[in-house]
Amino acid sequence: VEVVLEDRRPSDILSRKSFENAITLQVAMGGSTNGVLHLLAMAAEAGIELDIDDFDEISRNTPKIANLAPGGDHAMTHLHEVGGVPVVLRRLYEAGLIHGDAMTVTGRTIGEEIEALDLPDDDEIDAEFLRTVDDPLHEEGAIKILKGNLAPDGAVLKVTGDQEHMHHEG
């Protein structure tokens, strides 16, 4: 109701920073390759310049900190039990990996929203599937963009296992 009363529109919320935040969260949690397609389509519809290379750059600079299904060992319900997506967002925010000044549907920034939440402290969270940014599952996010003669415009790959051997020639 507040959104309608304040005449808040998607154009007030959707920005390059908000899309970069969404990508950062996606790669840190091991999100689906479909997220790439959907976020690119939403950005295009909103008139926000975003391309497949942005996903690769953000994934290379964002550690994967959650081990969630289908590529991982735990379900989203397990994440919910320890504080949910807001815990992941807080860890990314405190590490300077998301834009805290990006606007949200509430009319406040994502940083203000995170700081207002009553979440358990990291040392209270006993969950081997949810790591900190300083001790990630993988140094890079789960989404990789492949380019070459077979995919000159790029292809999307989600890495769920060992990231040590990420080079192939053939």
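**Exercises on cores, a pocket and a buried threonine**

In this predicted model, the largest nonpolar core has 22 residues, of which Met-29, Leu-79, Val-82, Val-88, Leu-92, Phe-129 and Leu-130 touch the most other members.

**Exercise 1.** Determine which helices supply at least two residues each to this core, and which gives the largest share.

*Solution.* Step 1: α3, α7 (85–94) and α8 (110–116) each contribute at least two residues. Step 2: the largest share, 4 residues, belongs to α7. Step 3: a separate second core of 13 residues also exists, with Val-27, Ala-43, Ile-48 and Ile-52 among its members.

**Exercise 2.** List the contacts of Val-82 beyond its neighbours within four places in sequence.

*Solution.* With those neighbours set aside, Val-82 is in contact with Val-87, Pro-120, Ile-125, Ala-127, Phe-129 and Leu-130.

**Exercise 3.** Characterise the lining of the second largest pocket, whose volume is about 200 Å³.

*Solution.* Step 1: 14 residues line this pocket, and Ser-18, Phe-19, Asn-21, Ala-22 and Ile-110 are the closest to its centre. Step 2: the elements giving two or more lining residues are α3 (16–29) and α4 (34–46); α3 gives the most, with 5 residues. Step 3: by class, the lining comprises 11 nonpolar, 3 polar and no charged residues.

**Exercise 4.** Decide whether Thr-62 is buried or exposed, and describe its surroundings.

*Solution.* Step 1: Thr-62 lies in the loop between α5 (52–60) and α6 (76–81). Step 2: its relative accessibility is 2%, so Thr-62 counts as buried, the cut-off being under 20%. Step 3: a polar atom of the Thr-62 side chain lies 2.8 Å from the backbone oxygen of Ile-58. Step 4: beyond neighbours within four places in sequence, Thr-62 is in contact with Thr-24, Val-27, Ala-28, Leu-92, Glu-139, Glu-140 and Gly-141.

How values were computed. Residues are numbered from 1 along each chain as its sequence is written. This is a predicted model: local features need pLDDT of at least 70, side-chain atom pairs count only at pLDDT 80 or more; totals for chains, interfaces and linings use all residues. Side-chain values use heavy atoms; hydrogens and water are left out. On a 1 Å grid over the protein atoms alone, a cavity is a set of points where a 1.4 Å probe fits but cannot get out, and a pocket is an open set with protein on both sides within 12 Å along at least five of seven lines; lining residues have an atom within 4 Å of a point. Grid points are joined across faces, edges and corners, and a volume is the space filled by probe spheres set on the points. Ala, Val, Leu, Ile, Met, Phe, Trp, Tyr, Cys and Pro count as nonpolar, Asp, Glu, Lys and Arg as charged, and the others, Gly among them, as polar. Buried means under 20% relative accessible area, exposed over 50%, partly exposed in between (1.4 Å probe, protein chains only). A polar contact is a pair of N or O atoms within 3.5 Å; within protein, one must be able to donate a hydrogen and the other to accept it, and residues adjacent in sequence count only if both atoms are side-chain atoms. Contact means heavy atoms within 4.5 Å. A nonpolar core is a set of buried Ala, Val, Leu, Ile, Met, Phe, Trp, Tyr and Cys residues joined through side-chain atoms within 4.5 Å.
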